[in-house]
Amino acid sequence: MCIRDRALKDYGVTAAAETVYTGPDDAVLSVEIFQAGSPGDAYGLFGHETPQAEVSRVEISQDAFVGKNMAGLWKDRFFVSVKAEGESAIDSKTLGEFLKTVSRRIPTEGELPDIFRAIETIGYVAGTTHYLHTNDSLKTIHFVSDKNVLNLKSETEMVTGRFLLDNRHFEAFIIVYPTVEEAMLASSSYAVFLGNNRDAEATWFKQWGRTVVGTWTGLPVPE
């Protein structure tokens, strides 16, 4: 199964459709629309499909991006992917206006889970949230380990976000597990992983009253 197929499964896509539109100056757009199981899953797929560089956000409800000959839209339970066909470049304004037209045809706006509000605390950099369930999706966003050391699965909910505090950038995450016992097991698994690998993944978290410190970036820090 390819990376994208795993992502569609991970985010509970229940329906999909594809079509082609033609526009001014012989522009041809290939458009895919996916309906996910929830607004959070649709937003997670949006983040999964958004390039990490050379994109700009579009002022649109709820969220959208435009890149080179490509664009994407998230609204309620829907993720829309737009790609230009052929060699002719399509300017970002045209792509943005196309997304606005599509957005108006989706009448509802869904609410994201509370876990999104929990990550947006002091120092949070707007627009850096990623939402996921399984370790496969985490690997496409931020590689931690070949092993599933956080014990992620379809029933877990995870958000990652980027922060800027004291002129230092770092990333943090929150995971919600189905039970307290599973959360404790994951915490222990991650603590062992950090202890065995000095250059491992990052976080601060409480375990039995102790604060365990690692480096999220994979680079050693004096603290």
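In this predicted model, F79 is buried, with a relative accessible area of 1%. F34 is buried too, at 6%. These two rings form an aromatic pair. Their centres lie 6.2 Å apart, and their planes differ by 15 degrees, which makes the pair stacked. The pair joins distant parts of the chain: F34 sits in strand 2 (residues 28-35), while F79 sits in strand 6 (residues 78-84). The two are 45 residues apart.

A second stacked pair is formed by Y190 and F193. Both belong to helix 6 (residues 180-196). They are three residues apart there, so about one helical turn separates them. Y190 is buried, with a relative accessible area of 3%. F193 also counts as buried, at 13%.

The table sets the two pairs side by side.

| Pair | Centre to centre | Angle between planes |
|---|---|---|
| F34 and F79 | 6.2 Å | 15 degrees |
| Y190 and F193 | 6.3 Å | 20 degrees |

The structure holds 12 aromatic pairs. There is also an aromatic cluster, formed by F34, Y43, F46, F65, W74, F79, F116 and Y131. F34 and F79 are thus met again, as members of this cluster.

**Around E32**

E32 lies in strand 2. Is E32 buried or exposed? E32 counts as buried, because its relative accessible area is 17% and the cut-off for buried is under 20%. Leaving out residues up to four places away in sequence, E32 touches R4, A17, E18, F79, V80 and S81. F79, from the stacked pair with F34, is one of these contacts. A16 is 16 residues from E32 in sequence. In space, the C-alpha atoms of E32 and A16 are 7.2 Å apart.

**Nonpolar cores**

Which residues have the most contacts inside the largest nonpolar core? They are L45, L138, L150, L152, M158, I175 and Y190, in a core of 34 residues. Several elements give two or more residues to this core. They are helix 1 (3-10), helix 2, helix 4 (114-119), strand 7 (130-132), strand 8, strand 9 (168-176) and helix 6. Take I175 as an example. Beyond its neighbours within four places in sequence, I175 is in contact with L150, L152, T156, E157 and M158. Another core lies apart from the largest one. This other core has 18 residues, including L29, A64, V82 and L99.

**Empty space**

Rolling a probe the size of a water molecule over the atoms shows where empty space is left. The second largest pocket holds about 320 Å³ of space. Its lining has 18 residues, and those closest to the pocket's centre are Q52, G127, T128, H130 and R162. Helix 2 (39-49) and strand 8 (157-165) each supply at least two lining residues. By class, this lining has six nonpolar, nine polar and three charged residues.

How many cavities of 30 Å³ or more are there? The count is one. The largest cavity has a volume of about 40 Å³. I3, R6, A7, H48, D136, S137 and T140 line this cavity. Helix 1 and helix 5 (135-141) are the elements that give two or more residues to the lining. By class, the cavity lining has two nonpolar, three polar and two charged residues.

Key: Residues are numbered from 1 along each chain as its sequence is written. This is a predicted model: local features need pLDDT of at least 70, side-chain atom pairs count only at pLDDT 80 or more; totals for chains, interfaces and linings use all residues. Side-chain values use heavy atoms; hydrogens and water are left out. Rings of Phe, Tyr and Trp (its six-membered ring) pair if their centres lie within 6.5 Å; planes under 30 degrees apart count as stacked, over 60 as edge-to-face and the rest as tilted. Helices (H or I, at least four residues) and strands (E, at least two) are DSSP runs, numbered from the N terminus. Buried means under 20% relative accessible area, exposed over 50%, partly exposed in between (1.4 Å probe, protein chains only). On a 1 Å grid over the protein atoms alone, a cavity is a set of points where a 1.4 Å probe fits but cannot get out, and a pocket is an open set with protein on both sides within 12 Å along at least five of seven lines; lining residues have an atom within 4 Å of a point. Grid points are joined across faces, edges and corners, and a volume is the space filled by probe spheres set on the points. Ala, Val, Leu, Ile, Met, Phe, Trp, Tyr, Cys and Pro count as nonpolar, Asp, Glu, Lys and Arg as charged, and the others, Gly among them, as polar. A nonpolar core is a set of buried Ala, Val, Leu, Ile, Met, Phe, Trp, Tyr and Cys residues joined through side-chain atoms within 4.5 Å. Contact means heavy atoms within 4.5 Å.
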